[in-house]
Amino acid sequence: MALVPSPPSTLRTAWALTRPYFASRRAWKSWLLVAAVVVFHIAGVSCEVLMSEWNKRFFNAAQERDLAQFTRELMVFPMVLAGIIASASLGQFFGQLLRLKWRAWLTRQCLGLWMKDHAFYRIRWATTPIDNPDQRISDGVTAFVDVTVN
């Protein structure tokens, strides 16, 4: 009885698509973007913890009718809010930048493979016609990168 090889796991396939981008010539820029995304996500979580602590102090001061503490907390609130806004927007910015650069690189790689050895020409005579293979490549790349970055 012949052994039928099992299909590669999803994680293995994802790693095969991911590894070349993070091992390319300009990989340090990619890793820098990944680090920025991680740092700003951690900063966002830290700011949310600060917001939770601020809520506790603010509402305790209101409940105890402590005007000095209440006023102090009103002065702290804009700083906590600024931290939340800054970490969220910078995290989003660097995440989008990583997606954009990775999608552009992966699209170039996939289109290069599609153009290699005139594969695009041979597709014409395939038994099952393929509509808009370039659009399918672009959509597949976008979906893969977006899911991976998120």
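How many salt bridges does a search of the whole structure find? In this predicted model, the search returns two salt bridges, and both are described below after an outline of the fold.

The protein chain contains five helices and zero strands, so that its elements, read from the N terminus, follow the order α-α-α-α-α. Of the 150 residues in the protein chain, 21% are buried, while the exposed surface amounts to about 11300 Å², with carbon and sulfur atoms supplying 65% of that area. Among contacts between residues at least 6 apart in sequence, 69% join residues that are at least 24 apart.

One salt bridge is formed by R57 and E73, whose closest N and O atoms are 3.0 Å apart. Because R57 belongs to helix α2 and E73 to helix α3 (residues 67-115), this pair ties together parts that are 16 residues apart in sequence. R57 is partly exposed, at 33% relative accessibility, whereas E73 is buried, with a relative accessible area of 4%.

In the other salt bridge, the side chains of D146 and R99 meet at an N to O distance of 3.5 Å. This pair links distant parts of the chain, with D146 in helix α5 (residues 133-149) and R99 in helix α3, 47 residues apart. D146 counts as partly exposed at 23% relative accessibility, and R99 counts as buried at 10%.

Helix α2 (residues 27-63) also holds S30, which is buried with a relative accessible area of 3%. Leaving aside residues up to four places away in sequence, S30 touches Y21, F22 and L98.

Note on methods: Residues are numbered from 1 along each chain as its sequence is written. This is a predicted model: local features need pLDDT of at least 70, side-chain atom pairs count only at pLDDT 80 or more; totals for chains, interfaces and linings use all residues. Side-chain values use heavy atoms; hydrogens and water are left out. Helices (H or I, at least four residues) and strands (E, at least two) are DSSP runs, numbered from the N terminus. Buried means under 20% relative accessible area, exposed over 50%, partly exposed in between (1.4 Å probe, protein chains only). Contact means heavy atoms within 4.5 Å. Accessible areas come from the Shrake-Rupley method with a 1.4 Å probe; for residues, only the protein chains shown count as cover. A salt bridge is a side-chain nitrogen of Lys or Arg within 4 Å of a carboxyl oxygen of Asp or Glu.
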